[in-house]
Amino acid sequence: MKQILLSLLLVLVFGFAYAQAQTITGKVTDATNQEGVPGVSVVVKGTTTGTITDSNGTYSLSAPSGSTLVFQLLGYKSQEIVLASQSVIDIALQSDASTLDDVVVVAYGTQQKRDITGSIASVKGSDIQNIPVPSLESAIQGRAAGVQITSGSGKVGQGINVRVRGSASLSANNQPLYVIDGIIVTANSVNANDENLNPMADINPNDIESIEVLKDAAASALYGARASNGVVLITTKKGKAGKGSVNINYSAGSGRPTRKREFLNRAEYIELYTEGMKNVGRSDAFIESRFNNRVSTTWKDPNIDTNWENLAFQNAGFQQLDINASGGNEKTRFFVGAGYIDQKGILVGNRFTRMSARLNADSKINDRLTVGASFMLAQSKNYRAQNDASFGNPLQLVAMPPMQQAYKDGELNPSTLYYNSLLDLVHGFSTAKTYRNLTSLFASYNVMKNLTFRSEVGLDILQQVEERYYGTKTAANFSQAAKGFGSYSTATIFNYMITNTLNYTKNFNDIHNVDILLGQSFQQSEEESSNVDGQIFALDDFKKIGSAATFPGGSSGGTSNNFLSYFARANYKFKDKYLASFSLRVDGSSRFGKNSRYGLFPAGSLGWIISEEDFIKDLDFISFLKLRTSFGITGNADFGDFGSFGLYGTSVYLDNAGTTPISFPNPSLGWESTQNFDMGIEIGIIKNRVNLGIDYYNKQTSDLLLNVPVPSTSGYTTLSQNIGKIRNRGIEVTINSNNLVGDFKWNTSFNIAFNRNKVLDMAGQKISYGGRTLNEAQAGQPIGILFGAKYAGVDPANGDALYYTETGTTKDYNAAFRQIIGDPNPDFIGGITNTLTYKGFDLNIFFQYVYGNDVYNAAGEFMSSNARYLDNQTKDQLNRWRKPGDITNVPQARHQRDNGSNPSSRFVYDASYLRLKTATLGYNVPKKLLDNAKLASVRIYVSGQNLLTFTKYIGWDPEVSSADPGSTTQRANIIIGQDFYTPPQARTIIFGINVGF
């Protein structure tokens, strides 16, 4: 309430006289063809007063005498005109191939690209339109230097890992902060069952105008304690003054797996396993009995040869419809849109749907006051596939022997070696339905010349409902007397924020430019969740939880956090060539201990536009040259809400309720702190037709949140403390070029980023998890390093699997020397886009690549295990050792023996890849053919996603990170680059049409 009253008071205090204004009219034309240019921004410099030219290029606005009008539009050189007594100002804009005058969204404002002294990666909304993916993160993969995006699997709607300049934490969240139209939104998964879902999939990528990724402290420090992992600013589409427009886009297509693996057919399986049993001394009678009892009594039937891998996949149909309308005048502008997407995953039963609607509007009430609103409503539904490690994961069907039938007597066969998960599709379901509302309201008031007050209220409501039901014929009921099992889970997050800013801009004699921002914000996030399990259903037709006879389990919970923040920024420009920026944010949070309640996050940066110096201006070859450097401190506070408190939980003993201590209090618990240093150079040559950017950064995080052992006499075993350090440093390179201009245009955009991650200090600890995982965190090495036994190949004399010791080799797995055997962190990542246009045709080809990362195939001990179990094997196991002198990397087949099947470097592979991520061919129908139909534009196109993948990785997909359901944040940060029956990406082809009115 205090923050709201403060906002109202500021509006009243600053509401005094404004200079006498005059009405200015005019027309803006293209200097080349003298035609009117619509959509040109006409703004009174240093204020928010402005308008946009209409469809004929004309405009009208009020401005005081002596002020400066700024005319701007992407693709044209901006112009400034000082008002005297004239009432009509006509302008002819010159085209500009350079993007240096582009306006870029920054923290709490906008800035010209040439004046930015921080490191920001920008992606235009037009670059990600109509890509057949449900979330914006997948759409920008490989397009922003230094931003690594890993889909993890081919399941639609699943969580996506985003890392900006590497992983900076072991126990806290490593995902960036997401800000949509000024609202810090919920981006962490809230689901209770299976793998994490992606809350950002609620956002329609086709509603996005631009995406900016703030990478260094100079760009992101105004977000303080939540900026260490980078900040993603998302700006949605707004209306423009002029003739209204309506656009309809429809696309449809289908997808298939990018790759299938080859498994043994019936004859190969019988040969390998018969040999594997004989190699361990089994008799023919044992082999006959083994096949009859564990595989099938019909295993000799040559007509039964099931390809279980094909049964795990489906034709991934896709369709999407978007309709939007926009327009307005110099007073009021609007954008309204609606979208629908229905995308099947390549795994049987997996599907994602979303319906969304958006309304953005703003209105200039008078010369001082502008108000606006943004509303987004969405409902998404995910028909879920079970987690990778579950026998309910359809891809685990590949473990079935080919002699077993999927169907028997017209029904799904329940008597298979492992669970036939196709039963879940017929007799069960698992869905997650999400309702999302994003709302923001703002008022901007010109207090006086060059001084603007803005107040904004934002709201993000997320409600998710998960339902599961598994009938009597499913695995959920094989081991219990329950007649059907169901669960119902809900989670609701109510997140609101209030932000007030005061912005002063002033140009002094065209020599000094200052831009000063003062601000305050408050954010509260509240979460409630509940779950109930039910069993014993009258019939499988009654699937709702209310039909259960008994309820063996249930729970509920809630949590909340808040941030109170004050911030300031000062930008200074001298003679249009010397730049300086300084910012400071103070964050107070309920997450911090009482002894560390507030954090201070400063940043400073300098820039020098050398191309404005006289000694450079004479060099025609150099069009633009800028040096910049920055240093600052940001934080990471995404580590749970009550870590500093001593917490208690409830317990039940003999129907009596009690309390149990959970965590030890730490009143000094605070944020993880990251020091960021960045130095960059930007070069434009040949009249800015080629632009090069190079950045070097050093990002060191200290005060890592780790559990430290404490004396057991305290009643606890560990205490969370701020200790430990991690460093990320690297180089980023971007190149943008206009290779050909004229009727035939060819543009190229290229980026590459090198990052080196190292854990510097863990207070003497090492984190590992054992089991099927090889990942570790240890000082001196990158996060998630693969640590274990190193495979030495096969002994040619006897077919034994060998492992390295410190002095030689051994066949004893337990005697092998444990060492570093791989690194899941890539050496470099990037992408390259080529866009070619000729008259009405356009072709866009985008390649994305990752190099130097390793993947551990944890399923190798089952699917490539030399006939250890009865799982079907990959085809490469046919290359096994068979007789003395054989040279091979596959040990002798030995059934029920560990001969090379234990976790080791044998199953660690180079997962570098180059992927044709998207290719789009489009045709714009000539306008003269559309006039009779009263259409403004028609474009038809065909687009492909994940069309080609070049890799040495032998698994389904090199872009993989098997999810670990129910795991802690720390476990998810460390267990990376692991493949365990993880489905690949979809290769999708769509056809579409866009019609404009």
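Two strands pair if DSSP finds at least two bridges between them. Helices (H or I, at least four residues) and strands (E, at least two) are DSSP runs, numbered from the N terminus. The model is predicted: local features need pLDDT of at least 70, side-chain atom pairs count only at pLDDT 80 or more, and totals for chains, interfaces and linings use all residues. Residues are numbered from 1 along each chain as its sequence is written, and side-chain values use heavy atoms, with hydrogens and water left out.

**Exercise 1. Describe the pairing of strand 47 with strand 39 and with strand 48.**

Step 1. Strand 47 (residues 828-838) pairs with strand 39 (residues 744-761) in the antiparallel sense, over 11 bridges. Within this pairing, alanine 753 has isoleucine 829 of strand 47 as its bridge partner.

Step 2. Strand 47 also pairs with strand 48 (residues 841-851), again antiparallel and over 11 bridges. Here leucine 836 stands opposite leucine 843 in strand 48.

Step 3. Strands 47 and 48 form a hairpin with two residues between them, and lysine 839 in the turn has a positive phi of about 50°.

**Exercise 2. Analyse the hairpin of strand 8 and strand 9.**

Step 1. Strand 8 (residues 103-106) and strand 9 (residues 109-112) are joined in the antiparallel sense by four bridges. Valine 103 has glutamine 112 of strand 9 as its bridge partner.

Step 2. Two residues lie between the strands of this hairpin, and tyrosine 108 takes a positive phi near 60°.

**Exercise 3. Establish the strand order and the edges of two open sheets.**

Step 1. One open sheet consists of four strands in the order 40-41-42-46, with antiparallel pairing. Its edge strands, each pairing on one side only, are strand 40 (766-768) and strand 46 (818-822). Neighbouring strands of this sheet are turned by 40° against each other on average, direction ignored.

Step 2. Inside that order, strand 41 (residues 775-778) and strand 42 (residues 785-789) run antiparallel and are joined by two bridges. Glutamate 776 stands opposite isoleucine 785 in strand 42.

Step 3. The other open sheet has five strands in the order 10-15-16-13-14, and its pairing is mixed. Strand 10 (120-124) and strand 14 (183-184) are its edge strands, each pairing on one side only.

Step 4. A parallel pairing links strand 13 (residues 177-180) to strand 16 (residues 231-236) over four bridges. In it, leucine 177 stands opposite valine 231 in strand 16.

**Exercise 4. Classify the packing of helix 4 and helix 5.**

Step 1. The axes of helix 4 (residues 266-278) and helix 5 (residues 284-295) come within 10 Å and cross at roughly 130°. Axes are lines fitted to C-alpha atoms, for helices over the stretch in contact, and angles run from 0 to 180 degrees between N-to-C directions.

Step 2. Helix 4 is therefore oblique to helix 5. The classes are roughly parallel under 35 degrees, roughly antiparallel over 145, roughly perpendicular from 65 to 115, and oblique for the rest.

Step 3. The residues in contact (heavy atoms within 4.5 Å) include Tyr269, Ile270 and Tyr273 of helix 4 and Phe286, Ile287 and Arg290 of helix 5.

**Exercise 5. Compare the overall dimensions of the chain with those of a compact globule.**

Step 1. The chain contains 10 helices and 54 strands. Its C-alpha trace spans about 105 × 75 × 65 Å along the principal axes.

Step 2. A compact globule of 997 residues would have a radius of gyration near 30 Å, and the chain agrees, with 31 Å. This radius is taken over C-alpha atoms, and the globule rule is 2.2 Å times the number of residues to the power 0.38.
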